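Dear colleague,

I am handing over the structure that we spoke about, and below it you will find a short account of what was found. Please keep the structure open beside you while you read.

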Amino acid sequence: MNVSDMNDSAVNQARAMVYRLLSSLFAKEIDHQILHELTGEQAQAFLAQLASEPAFKQDIDTLISVLNTLKTDKALLELAADYCGLFLVGSKHSASPYASLYLNGSDHETPLFGEQHQQMLQFLKQSKLQVQTSFPEPADHLAVILAYVEHLCLNSDKTTQLNFIESNLNNWLGNFAAKVIECDSGQFYCALARLTKNWVASDLDDLKSES
Amino acid sequence: MKRRDFLKGLVSTSYVVLSGASVLAPLNALAAAGAKDDDVWLTTGSHFGAFKMKRKNGVIDQVIPFDSDKYPSDMINGVKGLVYNPSRVRYPMVRLDFLLNGFESNTSQRGDFRFVRVTWDKALHLFKDSLDEVQTKYGPSGLHAGQTGWRATGQLHSCTSHMQRAVGMHGNFVKKIGDYSTGAGQTILPYILGSTEVYAQGTSWSLILEESDTIVLWSNDPYKNLQVGWNAETHESYAYLAQLKEKVKQGKIRVISIDPVVTKTQEYLGCEQLYVNPQTDVPLMLGIAHEMVTKNLHDTKFIEGYSLGFDQFLPYLMGESDGVPKTPEWASKICGVSPEVIRDLAKVMTKGRTQMMMGWCIQRQQHGEQPYWMGAVLATMIGQIGLPGGGISYGHHYSGIGVPSSGAAAPGAFPRNLDEGQKPIFDSNDFKGASSTIPVARWIDSILEPGKIIDSNGSKVTFPDIKMMVFSGNNPWNHHQDRNRMKQAFMKLKCVVSIDMNWTATCRFSDIVLPACTTFERNDIDIYGSYANRGLLSMQKMVEPLYESLSDFEIFTRFAAILGKEKEYTRGMTEKDWLVMLYNDCKAANAGKFDMPLFEEFWKAGYVYFGEGKPWTRHADFRNDPEINPLGTPSGLIEIFSRKIAQYNYDDCPGHPTWMEKAERSHGGPGSKKFPVWMQSCHPDKRLHSQMCESQEFRETYTVKGREPVYISLADAKERGIKSGDIVRVFNDRGQLLAGAVVSNNFPQSIIRIQEGAWYGPVGPNGSKEGGAEIGAICSYGDPNTLTLDIGTSKLAQACSAYTCLVDFEKYRGKVPEVSSFSGPIQVNV
């Protein structure tokens with residue numbers, strides 16, 4: 001392994017970690033354990049480093065400041081209610097995190113478990129992966145797609161990553177983020193959605209410039 | 001390369017940000033090989049018919065009608081949209097303020113508030129704790145778990161049975177009597193004809209086709225309503241309707257549709273329509289009866305031999321008792337049918353064989369008992385009750401009534417009640433002086449006015465003080481009247497639990513919402529044809545329950561386990577054990593008469609057929625010998641005058657059929673100056689009540705700009721500057737809704753139709769998504785029960801009166817809000 005490979009490997013691990021973090025935060029509500037980890041030293045250092053990039057700073061500051069307010073069970077429940085209203089119920093008045101709802105025209109609520117779900121299952125299968133049984137969601141759920149990019153960061157070449165992100169994530173992420181910003185009654189998920197959008201955009205720029 | 005440096009900086013911070021598992025896992029061997037049973041066709045059934053489904057890549061791919069269904073309903077095209085609906089209830093959820101404050105929560109914003117996901121364990125414990133609290137603080141009169149509805153098909157997983165058995169193991173509760181569909185009919189007819197009639201098998205269509213000269217469809221649209229059945233519907237009735245169409249064409253049978261509007265059946269058969277003003281069928285019937293007596297057309301022999309009380313009715317008919325002879329001229333002024341036509345009808349109906357077929361709509365109005373009673377009197381005067389192709393039927397539009405029964409024994413079902421010897425944990429039967437059973441449509445009255453005493457079918461009902469309600473597979477925020485009254489009532493409830501598959505309005509107005517899987521995510525068996533009993537269907541699981549939804553069996557088995565009663569609940573049997581037992585019991589009951597294979601063979605084949613039944617005539621045995629085969633009335637005869645009802649001394653339901661003015665009535669009746677238009681809210685053409693409304697792709701085959709259609713006459717449309725495709729605001733003093741205009745020749749002036757079952761989707765002022773829970777909020781989709789009147793039909797049945805409803809409407813010119821009905825609970829900024 002030469003120096004360049006080592007650099008690449010380190011960078012990809014870092015990228016994978018960011019995707020993993022974003023996937024986890026979209027996968028479920030913040031509970032005591034996640035809160036504990038996110039407010040721990042390691043995560044704070046990680047987030048601080050991420051925030052050194054100006055495009056991410058404001059949203060990371062928001063995330064950190066919201067996390068710091070979660071001192072009581074009630075505060076956690078309020079944030080869980082934000083999560084629920086955005087991602088767990090309905091579609092039109094919320095920001096359901098399924099690719100299919102954003103890729104098939106804005107007025108039409110496509111039934112779930114359709115084409116995008118099948119496509120993702122194929123990708124996963126090719127990579128010898130599947131969605132955890134403890135995560136009973138369609139495979140075109142944002143958390144699944146982000147977790148798959150995490151996997152690609154560590155296991156595939158840049159062109160594969162670029163193609164996947166462009167045609168399965170970046171093509172709807174903007175609309176999704178806009179919907180979160182429109183519907184969120186709090187600040188956390190707005191910031192998270194914006195951060196995700198900005199992160200993916202910057203990651204794509206890098207991949208393009210490097211490939 | 002600056003960016004790479006930035007990323008390397010990230011690496012240096014830490015390799016572990018979150019220790020939790022990824023949502024991805026290595027592909028396990030089974031999944032890698034691909035599901036073995038993929039790409040297969042399985043048999044199942046539903047209210048909409050039996051069908052086959054193909055599973056591909058783990059999801060339902062195709063739905064095609066069952067081979068033997070020659071007249072499938074296109075509603076099966078909506079099935080996939082139910083299963084994969086974006087508004088599925090995905091996880092157990094609790095309204096946040098209820099989670100925080102329980103019975104002391106702020107209920108004023110129920111229906112418009114925030115939910116959080118909880119685990120099944122947490123949700124079921126919360127459910128149990130709430131039941132504990134209501135039983136401890138208020139006793140059984142505080143809990144109403146008896147408001148039940150159409151459920152999904154299946155003998156094992158029937159949601160009503162599961163919920164009531166499990167909740168019943170915890171404690172006693174208030175129950176309902178009657179139903180919204182036929183509340184007035186099923187209460188009055190036992191007094192008159194000795195059975196509910198509405199749910200009784202009717203004379204076989206083949207006999208009607210052979211023997212009838214005239215068929216009178218009275219407010220009856222079988223071609224529309226026979227698409228759905230209580231069990232998997234066979235649609236065999238349509239073959240008979242096709243023959244009837246041919247006979248109408250050949251002039252062999254005259255079919256008269258007495259109805260204010262051109263029905264789907266009338267259009268199909270190409271038959272005659274006799275227009276009658278809404279809610280005035282009784283005057284029309286009285287006019288016909290008067291003419292029969294005047295011209296001596298009635299069958300006095302039959303009246304004498306088979307009925308009781310004509311003598312007490314006659315003075316009213318002829319005007320001797322009240323000074324108002326019910327002449328065709330008198331009737332004409334009210335019902336809008338000319339005296340000549342009324343006279344002609346009396347002649348036509350008494351000449352040759354006449355089969356009267358009543359629909360259910362006209363008994364869903366104030367005094368809804370009367371048209372059914374008077375219909376029976378007319379049929380008695382015609383004298384053909386008990387003859388093939390004659391008499392009166394109250395159900396030929398329902399669940400295949402009129403298709404001969406095979407005679408086979410039907411399978412049993414999962415028990416709704418506790419087994420013998422089982423006792424609830426809270427075994428008190430102290431309803432604190434209140435009634436333990438209340439008329440189905442009076443539960444909102446009960447919540448709003450606890451302690452009030454009302455008359456009901458010869459008894460007194462004292463309204464219980466209801467504090468908690470449990471709904472399972474039931475959406476009263478569709479079928480009950482007057483949403484604004486419902487909102488007031490729901491504010492008084494301490495706890496509401498809903499178990500359903502998609503976010504109905506009832507779920508949205510609940511505190512605890514539990515996700516049930518659909519019919520297609522569990523194994524079951526069903527009767528094929530509720531009345532034909534043509535055979536048994538296997539309902540084979542197509543896919544595993546989606547998200548964290550569970551079958552009703554599983555939900556309440558877990559709940560029973562929390563009560564420490566799991567074994568009592570399941571009798572120690574699994575889903576499979578139950579299916580085998582229900583099947584084998586049925587097989588044993590049919591032994592020697594109908595051959596049934598072993599369970600495994602049946603399951604593999606998908607069905608077992610019992611063959612066709614023999615033609616049969618309703619009331620023929622009574623006609624043959626009324627002494628040996630009396631009716632179930634007090635006298636054993638048809639009761640034109642009911643001494644029992646007369647003794648009740650009800651001003652709104654006297655001892656014989658009577659015309660009484662309505663609280664509101666169009667065409668010159670009370671209230672018609674302010675709100676001139678009658679709104680009918682009949683059973684839908686493209687849904688089963690509210691089932692299937694959420695299936696978007698299918699819904700889009702009939703909506704107008706995404707709204708429920710409102711059918712409007714040409715004259716009304718012109719007067720109000722409305723054209724098809726416009727959005728219309730329909731309103732009265734009770735509420736308002738938006739709907740999409742369909743201008744149609746089938747509707748006369750001052751009559752509109754909005755089919756019931758349109759999902760309630762209230763939005764706040766100026767169409768904002770907040771404020772939908774407020775009194776007066778506009779329904780963005782077009783639920784007609786936003787506007788209907790919430791009163792009992794009379795002191796007798798106390799049934800729903802949705803058809804007594806006046807409105808007005810206008811072209812909507814405001815900012816059009818998004819439809820909020822299908823979006824789950826709406827997040828509100830706090």
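Contact here means heavy atoms within 4.5 Å. Please also bear in mind that this is a predicted model.

With that meaning of contact, chain A brings 83 residues to the contact and chain B brings 61 residues. The area buried between chain A and chain B comes to about 6,300 Å², and carbon and sulfur atoms give 58% of that area. Of the area that chain A buries against chain B, 12% is supplied by His93(A), Phe113(A) and Gln130(A), which is more than any other three residues supply.

As for polar and charged links, there are 14 residue pairs in polar contact between chain A and chain B, counting pairs with both residues at pLDDT 80 or more, and the count of salt bridges is 3. In one salt bridge, Glu29(A) is joined to Arg117(B), with the closest N and O atoms 2.9 Å apart.

Several elements of chain A supply at least two residues each to the side that touches chain B, among them helix H1 (3-27), helix H5 (73-88) and strand E1 (129-131). H1(A) gives the most, with 14 residues, and by class this side of chain A has 40 nonpolar, 21 polar and 22 charged residues.

Where strands are concerned, E1(A) pairs in the antiparallel sense with strand E1 (residues 24-26) of chain B over 3 bridges, and within E1(B) the bridge partner of Gln130(A) is Ala25(B).

With best wishes

Note on methods: Residues are numbered from 1 along each chain as its sequence is written. Chains are lettered from A and ligands numbered from 1 in the order in which they are written. This is a predicted model: local features need pLDDT of at least 70, side-chain atom pairs count only at pLDDT 80 or more; totals for chains, interfaces and linings use all residues. Side-chain values use heavy atoms; hydrogens and water are left out. Buried area is the accessible area (1.4 Å probe) that two parts lose on being put together, summed over both. A salt bridge is a side-chain nitrogen of Lys or Arg within 4 Å of a carboxyl oxygen of Asp or Glu. A polar contact is a pair of N or O atoms within 3.5 Å; within protein, one must be able to donate a hydrogen and the other to accept it, and residues adjacent in sequence count only if both atoms are side-chain atoms. Helices (H or I, at least four residues) and strands (E, at least two) are DSSP runs, numbered from the N terminus. Ala, Val, Leu, Ile, Met, Phe, Trp, Tyr, Cys and Pro count as nonpolar, Asp, Glu, Lys and Arg as charged, and the others, Gly among them, as polar. Two strands pair if DSSP finds at least two bridges between them.
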